[in-house]
Amino acid sequence: IITNQHVIASGGPIHVSFANGEQLPAELVGADPYTDLALLKVIPDFRAEAFDLGDSSLCKKGEWVIAIGHSMGAEADGSVTVGVISSKDRTISMDVDKDGTDDWDMLVLQTDAAINPGNSGGALVDDEGKLIGINTLITSYSGNYSGVGFAIPVNYAVNLAQQIIDGKTPTHAQLGVSLSTVSAATASRYGLPVDTGAYVAAVTPDSGAAAAGIVPGDIVTAFDGQAVESASDLMLDVRTKNPGDTVTLTVNSGGQEKEVQVTLGDDSASQKAKQEQQSQEQSMNGYSLEDLFGRQR
């Protein structure tokens with residue numbers, strides 16, 4: 001059973017309640033703090049009907065969704081709320097090690113379906129009842145529903161759950177690049193050859209991207225044949241893969257389009273790079289768009 005890590009973070013006994021009223025003890029199989037996911041196993045073995053899995057990569061803005069959970073302490077069968085997908089590629093900064101600084105960007109689906117305390121770990125399903133996300137958090141000044149809720153995409157969640165089931169420590173695939181989104185406005189302003197894609201601002205040494213010959217200034221326009229329209233698109237595509245997987249990127253380099261094969265790395269290199277970047281930003285007060293794209297001439 002997949003839920004949120006923060007739901008079971010207290011460390012006390014875990015019990016799972018089912019729709020038929022049965023409540024059974026469960027043990028924690030594993031968790032991933034970077035995505036706020038936890039995997040539970042009911043004791044004794046209990047066969048419940050599982051959701052049919054949807055494909056979160058196919059979600060579209062405006063698509064109808066239903067959030068299921070125990071909103072505000074609802075009992076019995078819980079509650080359902082209806083809304084739409086507001087954004088399919090939102091990035092939320094998280095302080096994973098709780099040191100007061102954000103150290104991880106989590107990619108989420110955004111929905112205006114009402115999500116309140118008690119919905120965490122619940123299902124976000126499409127209009128066919130297929131699971132497309134795990135409800136995880138909200139943005140709110142009051143702490144309750146304000147129309148901005150977030151869910152972990154199911155493709156990503158199932159990938160990590162399978163790693164835990166296989167006895168592995170969850171890892172997250174990385175290209176080894178720092179990215180910025182290319183839009184029509186930035187393309188016009190900086191004379192870029194394409195008006196959508198993921199602009200490579202920096203490349204981590206010894207990363208898969210570096211080994212494939214990707215350099216700052218390149219623009220990634222497709223991932224395994226699927227169009228990449230933003231930096232978030234590319235990040236989400238990468239995180240559906242495993243470290244060691246080889247992917248094909250379509251790259252516009254200096255106005256010339258080419259395909260490159262990239263073997264994905266893992267978190268360790270990017271985490272080191274993030275620490276180095278934070279250190280540099282403290283001394284240089286960060287970067288402007290001109291620093292990323294080059295000053296306008």
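In this predicted model, Val262 sits within strand β16, which covers residues 256–263. The residue is buried, since its relative accessible area of 0% falls under the 20% cut-off used for that class. Beyond its neighbours within four places in sequence, Val262 makes contact with a varied set of residues: Leu175, Gly208, Ala209, Ala212 and Ile214, together with Asp245, Thr246, Val247 and Leu249. One of these partners, Gly208, is 54 residues away along the chain, yet the C-alpha atoms of Gly208 and Val262 are separated by 5.6 Å.

The view can now be widened to the whole chain. Its secondary structure consists of six helices and 16 strands. Of the 297 residues, 41% are classed as buried. Where contacts link residues at least 6 apart in sequence, 56% of them join residues at least 24 apart. The accessible surface amounts to about 15,400 Å², and carbon and sulfur atoms account for 49% of that area.

Among the helices, α1 invites a simple check of its geometry. This helix runs over residues 154–165, and its 12 residues should span 16 Å at 1.5 Å a residue; the C-alpha atoms at its ends are indeed 16 Å apart, so expectation and model agree. Helix α1 also contributes a series of buried residues, namely Val154, Tyr156, Ala157, Asn159, Leu160, Ala161, Gln163 and Ile164. Just after the helix comes Gly167, whose phi is positive at about 80 degrees.

Conventions
Residues numbered from 1 in each chain as written. Predicted model: local features only at pLDDT ≥ 70, side-chain atom pairs only at ≥ 80, totals over all residues. Heavy atoms only, no water. Helix = DSSP H or I, 4+ residues; strand = E, 2+ residues; numbered from the N terminus. Buried < 20%, exposed > 50% of the residue type's maximum accessible area, 1.4 Å probe, protein only. Contact = heavy atoms within 4.5 Å. Areas by Shrake-Rupley, 256 points an atom, 1.4 Å probe, with all protein chains shown as cover. Expected span 1.5 Å × (residues − 1).
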